[in-house]
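Please open the model in your viewer and keep the sequence beside it, so that each residue can be selected by its number. The tour goes from pairs of charged side chains to the packed interior and then to the empty spaces.

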Amino acid sequence: MDTNRLSKPMHDALNKQMTKEGNAAQIYLSYGVWADDKGYAGIANFLFRHAHEERNHMIKIMEYILERGGKPKIEALSAPPADPKSLTDCFNKIFKHEVDNTEGIYVLVDMAMKQKDWATWNFAQWFVKEQIEEEKLAMNLIDKLKIAGGDRASDESLFNLDKTLEQAPDDAALARNATEEKP
Ligand code: OFO
């Protein structure tokens with residue numbers, strides 16, 4: 001008996017997103033290596049930790065496909081893009097990758113809605129919320145670097161930025177979780 005609760009297009013779309021998350025991990029790893037090589041060990045640490053998060057996202061989708069009776073296919077990952085040209089370029093690209101990833105999640109939400117696959121719709125909502133965090137995290141990187149002076153930042157402010165990011169939490173606080181006591 002066929003116990004797969006996912007339609008073929010949904011199964012394929014989830015599998016595609018699963019691979020995309022794996023590719024995102026590769027991108028963060030390669031940018032982390034670039035940052036470390038440039039002497040930004042704190043930024044590299046932040047990017048390496050984030051690569052782990054992306055891999056966890058991949059696993060989360062893999063587990064979901066299995067849970068729904070499907071058989072996820074582990075695909076080959078793509079080679080990461082070329083090294084960034086500067087820290088500004090690095091953070092801008094991270095933001096673009098995150099927006100692109102959000103678009104992938106929206107494809108799932110949209111398809112789930114059309115197919116009335118409410119289980120997948122519900123599952124995808126976790127990622128919708130997560131992407132708000134991820135985009136915010138990337139925006140924060142861009143803002144912090146801008147404050148430090150962008151590509152013309154002094155060695156001292158870059159040193160401080162590097163230290164800050166080494167200790168930065170992996171998640172960004174979301175406005176929707178703010179309260180009067182904890183704005
Ligand atoms: Fe950075 O994103 Fe996964 O989902």
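A salt bridge, as the term is used here, is a side-chain nitrogen of Lys or Arg within 4 Å of a carboxyl oxygen of Asp or Glu. The model you are looking at is predicted, and for that reason local features need a pLDDT of at least 70 and side-chain atom pairs count only at pLDDT 80 or more, while totals for chains, interfaces and linings use all residues. Residues are numbered from 1 along each chain as its sequence is written, and side-chain values use heavy atoms, with hydrogens and water left out.

**Stop one: salt bridges**

Select D89 and K93, which form a salt bridge whose closest N and O atoms are 3.0 Å apart. Both residues lie in helix α3, four residues apart, about one turn of the helix; helices here are DSSP runs (H or I, at least four residues), as strands are (E, at least two), and they are numbered from the N terminus. Is D89 buried or exposed? With a relative accessibility of 18%, D89 counts as buried, because buried means under 20% relative accessible area, exposed means over 50%, and partly exposed is in between (1.4 Å probe, protein chains only). Its partner K93, at 27%, counts as partly exposed.

Next, select K8 and D12, another salt bridge, with the closest N and O atoms 2.7 Å apart. These two residues are both in helix α1, again with a spacing of four residues, or about one helical turn. K8 is exposed at 58% relative accessibility, whereas D12 is partly exposed at 37%.

Then move to K163 and E166, where the closest N and O atoms of the salt bridge are 3.7 Å apart. This pair sits in helix α5, and because the two residues are three apart, about one helical turn separates them. K163 is partly exposed, with a relative accessible area of 37%, and E166 is also partly exposed, with 31%. The structure holds six salt bridges, and these pairs are among them.

**Stop two: an unusual backbone angle**

Select K116, in the loop between α3 and α4. Its phi is near 55°, which is a positive value in a residue other than glycine. K116 is exposed, with a relative accessible area of 59%.

**Stop three: the nonpolar cores**

A nonpolar core is a set of buried Ala, Val, Leu, Ile, Met, Phe, Trp, Tyr and Cys residues joined through side-chain atoms within 4.5 Å. The largest one has 27 residues, and you can start by selecting I43, L47, L87, F91, I94 and L165, which touch the most other members. At least two residues of this core come from each of α1, α2, α3, α4 and α5 (155-167), and α4 gives the most, with six residues.

Now keep L165 alone and show what surrounds it. Apart from its neighbours within four places in sequence, L165 is in contact (heavy atoms within 4.5 Å) with G42, I43, F46, R49, F91, L141 and K144. A second, separate core has 18 residues, including M10, M58, M62 and A112.

**Stop four: the empty spaces**

Rolling a probe the size of a water molecule over the atoms shows where empty space is left. On a 1 Å grid over the protein atoms alone, a cavity is a set of points where a 1.4 Å probe fits but cannot get out, while a pocket is an open set with protein on both sides within 12 Å along at least five of seven lines; lining residues have an atom within 4 Å of a point. Grid points are joined across faces, edges and corners, and a volume is the space filled by probe spheres set on the points.

How many cavities of 30 Å³ or more does a search of the whole structure find? The search finds one, and the volume of the largest cavity is about 40 Å³. Select its lining, made up of Y28, F46, H50, I94, E98, E134, L137, A138 and L141. The elements giving two or more residues to this lining are α2 (41-67), α3 (87-115) and α4 (118-148), and α4 gives the most, with four.

Finally, select K20, N23, A24, I27, Y28, E54, H97, E98, D100 and N101, which line the largest pocket. This pocket holds about 160 Å³ of space, and α1 gives the most to its lining, with five residues.
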